[in-house]
Amino acid sequence: MSARGLWITIEGGDGSGKTTQSALLMEWLQTLGRTIVHTREPGGSEVGELIRNIVLHHRGHIAPRAEALLYAADRAHHVATVVRPALERGDIVLQDRYLDSSVAYQGAGRVLDAGEVRDLSLWAAEGALPDVTVLLDIDPVIARQRLDAADKPFDRLEAEKLEFHTRVRDAYLALAAAEPERFIVVDAQQSVDKIADQIRTRVQRAINAE
Ligand code: TYD
């Protein structure tokens, strides 16, 4: 969608190393002499942080359609007030999670139809899609071991069962297979440096093509 800038999103299951790779990519992008906007969903705007607090930290049940709408509301506001203006200025937007997260996670709950979840997000974001989406792919069993080793308290979604995370992974891989031009799938069990290198190569190609 980018009129002038470049929009990169990073996706992956919990424990896939998304935070580490996003920070490393950010460091590298900053050496390019461009303005970089590092943002995330849910969150990334003041309204978004309020919504993030509800979806990730509310104790107790949120009806699946309400949850999908909360993520979509966050997305609508974020794209309209942060992402789109940055791209119009010609900036590079590096974003942790976008609509593929909704399709993979809310779709994996088995209650909602993945296609409907995607359509909802596309409506919210007026059809905006990233130039490049990095998918950090990892076996949920390994991811779980990493999270256990980190010994951090789990948020609502991380505490979901392994079976759920397997469905999330499968959904992500199906999304990537359907849009090979947009996605790069990286094996997240490789070393941190190797992963970072593969991501940089793909992003450099996108920058060259701008
Ligand atoms: P995130 O802040 O990226 O945490 P982590 O670093 O642990 O991955 O994401 C928080 C959770 O939000 C994550 O478990 C996935 C979930 N999520 C959805 O279910 N749907 C969405 O549309 C988005 C953006 C996130």
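**Exercise 1. The two sides of helix α5**

Which residues are exposed on the other side of α5, away from its buried residues? Work this out on the predicted model, beginning with the buried side.

*Solution.* Begin by listing the residues of α5 that count as buried, namely Val117, Ser121 and Ala124. Around the helix axis these residues cover an arc of only 60°, which puts them on the same side of α5. This spacing can be understood from helix geometry: an α-helix has 3.6 residues a turn, so residues three or four places apart point the same way. Next, ask what lies against the buried residues of α5, and the structure shows that they pack against α3 and α4. Turning finally to the other side of α5, one finds Asp119 and Trp123 exposed.

**Exercise 2. Length and faces of helix α2**

Compare the span of helix α2 with the expected value, and then assign its buried and exposed residues to faces.

*Solution.* Helix α2 takes in residues 46-57, which makes 12 residues, and the distance from its first C-alpha to its last is 16 Å, close to the 16 Å expected at 1.5 Å a residue. Within α2, the buried residues are Gly48, Ile51, Arg52, Val55 and Leu56. Viewed down the axis of α2, these buried residues fall within an arc of 115°, so they line one face of the helix. The cover over the buried residues of α2 includes β2 (36-40) and α3 (64-89). The face of α2 that is turned away from the buried side carries Glu46, Leu50 and His57, which are exposed.

One residue of α2 calls for a separate step. Valine 47 is placed in helix α2, and because its relative accessibility is 36%, it counts as partly exposed, a class that lies between the cut-offs of under 20% for buried and over 50% for exposed. To relate α2 to the helix of the previous exercise, take valine 47 and alanine 124, which are 77 residues apart in sequence and 15 Å apart in space, C-alpha to C-alpha.

**Exercise 3. Strand β1 and its neighbours**

Describe how strand β1 is covered, and find the strands with which it pairs.

*Solution.* Strand β1 comprises residues 6-12, and seven of its seven residues are buried. To sort them by face, recall that in a regular strand the side chains alternate between the two faces of the sheet. In β1, one side holds Leu6, Ile8, Ile10 and Gly12, the other holds Trp7, Thr9 and Glu11, and both faces are covered.

For the pairing, look first at strand β3 (residues 92-96), which pairs with β1 in the parallel sense over five bridges; here aspartate 96 of β3 is the bridge partner of isoleucine 10. Then look at strand β4 (residues 132-137), which pairs with β1 in the parallel sense, again over five bridges; in this case threonine 133 of β4 is the bridge partner of threonine 9.

**Exercise 4. Backbone features in the loops**

Locate the cis peptide bond at proline 42, and examine the positive phi values of arginine 97 and glutamate 126.

*Solution.* The peptide bond from glutamate 41 to proline 42 is cis, with omega near -10°, and proline 42 sits in the loop between β2 and α2. Arginine 97, although not a glycine, has a positive phi of about 70°; it belongs to the loop between β3 and α4 (99-108), and because its relative accessibility is 12%, arginine 97 counts as buried. Glutamate 126 is likewise not a glycine and has a positive phi of about 50°; it lies in the loop between α5 (114-124) and β4, and with 65% relative accessibility it counts as exposed.

**Exercise 5. The chain as a whole**

Set out the order of the elements, and check the overall dimensions against those of a compact globule.

*Solution.* Counting the elements gives eight helices and five strands, which run β-α-β-α-α-β-α-α-β-α-α-β-α from the N terminus on. For 210 residues, a compact globule would have a radius of gyration near 17 Å, and the 16 Å of the protein chain agrees with this. Along the principal axes, the C-alpha atoms fill a box of roughly 45 × 35 × 30 Å. Of the 210 residues, 48% count as buried. Among contacts between residues at least 6 apart in sequence, 77% join residues at least 24 apart. As a last step, consider the surface: the protein chain exposes about 10,200 Å², of which carbon and sulfur atoms supply 52%.

Methods: Residues numbered from 1 in each chain as written. Predicted model: local features only at pLDDT ≥ 70, side-chain atom pairs only at ≥ 80, totals over all residues. Heavy atoms only, no water. Helix = DSSP H or I, 4+ residues; strand = E, 2+ residues; numbered from the N terminus. Expected span 1.5 Å × (residues − 1). Buried < 20%, exposed > 50% of the residue type's maximum accessible area, 1.4 Å probe, protein only. Arc of directions from axis to C-beta. Contact = heavy atoms within 4.5 Å. Pairing = 2+ DSSP bridges. Rg over C-alpha atoms; globule rule 2.2 N^0.38 Å. Areas by Shrake-Rupley, 256 points an atom, 1.4 Å probe, with all protein chains shown as cover.
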